Amino acid sequence: MSDIGSEEFEEEAGPYLGEYEGDRNEEGERHGYGKATLPNGDTYEGQYEHGKRHGSGTYRFKNGARYIGEYIKGKKHGQGTFIYPDGSKYEGSWVDDQRHGYGVYFYVNGDTFEGEWQNHQRHGQGTYTYKETGSKYVGTWVNGKPDGAGEMVHLNHRYQGSFMAGHPQGPGKYIFDIGCEQHGEYIAVEQAAGGEEEEEPMMVTIPKWKAGKITPITLRAVQEPEEPAEPAEGETAPEEAEGEKPAEQAEGATEEEPAAEEAAAEEGDAEAEEPTEGEGGEEAPAEEPAAEAEEGGEN
């Protein structure tokens, strides 16, 4: 995780400056684009300003690590990606050669952290995901450890509460996917650590869960659809109520015009009337179904 053991060598120091090929200013300083091989074997290719790395560039360490990103006055500053010798990787913001600001760290064991950094440590709001179990911690971080309000999310339950120095502490609750909750608190308990042969075993403080009330499981009631009632004698059927005419009136006749049709039939001069459309209302849209309710360690 750290750059210790492969520090960037200041090529301007010492009598031997290594090899350099690239642009220079009037004072002979490295200025503009250039390629350099440092005395310790590291290489740099990118922008220079007044003899220092400044702008975008790629620094390759002899141990296999490399940094691709922005520099200001010889230090990593801005957005950049650092790939460490063990294969882990950080992508994000840098300030004065330190991981600082928002970034994502990909650990060699598959774990990831995405969130805020300060002086090379996780600090602020962030999410740590454990590759092996799928669990994750979402919440506040202080100096690299969970500290403050946070939530541990597991496959079928989660814990919400406060944390201190990486451990849960104080009131909180477990929320289970089956629909119930268990409220309680974590209390600090001293416990002996070390082998039995030690005369004075070292005491350590660990959090212990003290369970409280459990809320009941709430089951969602399912309503059976109601069957339509049979129409009583003399009542209009539902289909007819929506505007459909009886078979006798399908050709457009209405109850108010029987006399006119008889007269036309007798004289033989009446022309067939075009059938009228039923006055059916729009069908009500079906109700949409209710929406269902809906992590290990650092290297």
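How many salt bridges does the structure hold? In this predicted model, the count comes to six salt bridges. Three of these pairs are described here, followed by a glycine in strand β8.

A convenient place to begin is the pairing of K75 with D96, which form a salt bridge with their closest N and O atoms 3.0 Å apart. K75 belongs to strand β6, which covers residues 75-83, while D96 sits in the loop between β7 (89-95) and β8, so this salt bridge ties together parts of the chain that are 21 residues apart in sequence. How exposed are the two partners? K75 has a relative accessibility of 38% and counts as partly exposed. D96, at 41% relative accessibility, is likewise classed as partly exposed.

Next along the chain, K76 and D97 also meet through their side chains in a salt bridge, with an N to O distance of 3.2 Å. Here, too, the lysine lies in strand β6 and the aspartate in the loop between β7 and β8, so the pair links parts that are 21 residues apart in sequence. The surroundings of the two partners are worth a look. K76 has a relative accessible area of 3% and is therefore buried, since the cut-off for that class is under 20%. D97, with a relative accessible area of 23%, is partly exposed.

A third salt bridge joins K89 and E91, whose closest N and O atoms are 3.2 Å apart. Both partners can be placed by their accessibility. K89 shows a relative accessible area of 27%, which makes this lysine partly exposed. E91 is partly exposed as well, with a relative accessible area of 31%.

Attention now turns to G101, a residue of strand β8, which spans residues 98-106. Is G101 buried or exposed, or does the residue fall in between? With a relative accessibility of 24%, G101 counts as partly exposed, because values below 20% would be needed for the buried class. Which residues does G101 touch, once those up to four places away in sequence are set aside? The contacts are with S93, G115, E116 and W117. For one of these partners, G115, the spacing can also be given: G101 and G115 are 14 residues apart in sequence, and their C-alpha atoms are 8.2 Å apart in space.

Note on methods
Residues are numbered from 1 along each chain as its sequence is written. This is a predicted model: local features need pLDDT of at least 70, side-chain atom pairs count only at pLDDT 80 or more; totals for chains, interfaces and linings use all residues. Side-chain values use heavy atoms; hydrogens and water are left out. Helices (H or I, at least four residues) and strands (E, at least two) are DSSP runs, numbered from the N terminus. Buried means under 20% relative accessible area, exposed over 50%, partly exposed in between (1.4 Å probe, protein chains only). Contact means heavy atoms within 4.5 Å. A salt bridge is a side-chain nitrogen of Lys or Arg within 4 Å of a carboxyl oxygen of Asp or Glu.
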